[in-house]
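This report introduces a protein structure to a reader who has not met it before. Please view the sequence and the model together while reading.

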Amino acid sequence: MNQEDVKVAFYLKKNESDDFGRCPVMGRLTIGRSESVFSAKCSVAASLWMAGRAKGKSAEAVAINRQLDEYRASALAIYREQSVGRERITAEEIKCLLLGMAYGQATLLDYFHTYIEQFEKRVGVNRSAKSAQTYRTTCDHLACFLSERLRLSDIPFSALDRSFIDKFDLYLRTERRLAPRSIILYMTRLHTVVNKAIAAGIITADPFAGYEPPHPERNRCYLTREELKRLMTTPLPASRLYLVRDLFLFSCYTGISYGDMGRLTIENLETAEDGTVWIKAVREKTGVEFEVPLLDLPLHIIDKYRDAAPDGKLLPMYGNSELNKGLKCLAAACGIERKLTFHMARHNFGTHITLSLGVPLETVSRMMGHKRLVTTQIYAHVTDKKVDEDTKQLRQLSASRKLELYEEPQQTNENKNASNR
């Protein structure tokens, strides 16, 4: 629709004139075939009105005409802003934005802020602080998108459609240059808020209908057994790297994530009747209980750092940034020519330490605290890939060697007849 299709006209509501003969000035906003009427919040004597404007050059006439011109200019400006992100705009929606109304409902950002406030009240009860932060970040991105791309401070829910969702997705990819997984997370958070509005009856149509962001294939990284051996046997140039190494190896042999390791205390250790020491705790990310029997290496690490951590913590933990720097130095010292991340240790537990040694999938899922078995199956796929790679190496090795298989000597006909007798 062209801007020429947007018309703002003014007229007098003569049937509501006051005792002084002054009539309210009304505006009629027309966009295509849609029309909406609003009050211009001023009045003028019928004798001073002609052709939709106050006539004459009096101070009153000039002030009224200036106010009407501002209404007209603002309506056209709002229409231009809305047409950037949408294809179909009604006169009623433009009127609501023009008059500072919310089209009979809460606006998106206002509703989003209210949702965040309610969410934060449940942090520590059945919601996590990290989840609350992702909602706040999503809201911040949304506010920047409205301001930078649409020149709006907020937008009514009725203005949301699939075009708006696609443009916000594109903004996150091109302007914000976010990673695909971050985009999926933030769009999911926005969809959650929109679904709450739908459930509350604020809107009826889902603007996310048909929207499906691309899900990049997750690349599960893990160390080879040779690399693990190097971590254990290589002399390190700095004492702090020994703690970094031990924390990484502890996760390799327990599957416990960085965040959950930092929350472990002596109270999480339990000794069974057969003498096996277990770690039993609840995952912060999923709220799922996990229990891991400790092998010799993690037991040695616990004993090595006993009473070294404050507040009864099981292990002295480095901060995330310091730990990442240490892992970079650790990889260089051990001749590992790729980026080490702490989460690779958890992947190692899911492949080398458990599944590849025949531990049942259900048991591994329980030890890793997965909410769904399908999450653990990803590690099984990684293990299958590793078996395939090892098998190919075996074929290549076999092809380079000539194999001689001893066969039973074939008997002659005379020998066969003799044996038959």
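In what order do the 3 strands of the open sheet stand? The model is a predicted one, and in it the order is β1-β2-β3, with antiparallel pairing. Strands β1 (6–12) and β3 (34–45) each have a single partner strand and stand at the edges, so one side of each is left without a neighbour in the sheet. From one strand to the next, the twist averages 20 degrees.

Within this sheet, β2 (residues 22–31) pairs with β3 in the antiparallel sense over 9 bridges. Opposite F38 in β3 stands G27. A helix also belongs to this picture: α2 (residues 91–98) packs on the sheet and touches β2 and β3. The direction of α2 makes about 40 degrees with that of β3.

**Strands β6, β7 and β8**

Further along the chain, β7 (residues 277–282) pairs with two strands, β6 and β8. The table sets out these two antiparallel pairings.

| Strand pair | Bridges | Facing residues | Residues between the strands | Glycine with positive phi |
|---|---|---|---|---|
| β6 (residues 269–271) and β7 | 3 bridges | T271 opposite V277 | 5 residues | G275, near 95 degrees |
| β7 and β8 (residues 289–293) | 5 bridges | W278 opposite P293 | 6 residues | G287, about 75 degrees |

Each pairing is a hairpin: one is formed by β6 and β7, and another by β7 and β8.

Which side chains of β7 are buried, and which are not? The side chains alternate along the strand. V277, I279 and A281 point to one face and are buried, while W278, K280 and V282 point to the other face and are not buried. Of the residues named in the table, V277, which stands opposite T271, thus belongs to the buried face. W278, which stands opposite P293 in β8, points to the other face.

**Cysteines**

How many disulfides does the model contain? The count comes to 0 disulfides. A disulfide is a covalent bond between the sulfur atoms of two cysteines. C144 is in no disulfide, and the nearest cysteine sulfur, that of C139, is 9.9 Å away. A pair counts as a disulfide if the cysteine sulfur atoms are within 2.5 Å.

Two cysteines can also be described by their accessibility. C23 is buried, with a relative accessible area of 3%, whereas C144 is partly exposed, with a relative accessible area of 25%. C23 falls under the 20% limit for buried residues.

Methods
Residues are numbered from 1 along each chain as its sequence is written. This is a predicted model: local features need pLDDT of at least 70, side-chain atom pairs count only at pLDDT 80 or more; totals for chains, interfaces and linings use all residues. Side-chain values use heavy atoms; hydrogens and water are left out. Two strands pair if DSSP finds at least two bridges between them. Helices (H or I, at least four residues) and strands (E, at least two) are DSSP runs, numbered from the N terminus. Axes are lines fitted to C-alpha atoms, for helices over the stretch in contact, and angles run from 0 to 180 degrees between N-to-C directions. Contact means heavy atoms within 4.5 Å. Buried means under 20% relative accessible area, exposed over 50%, partly exposed in between (1.4 Å probe, protein chains only).
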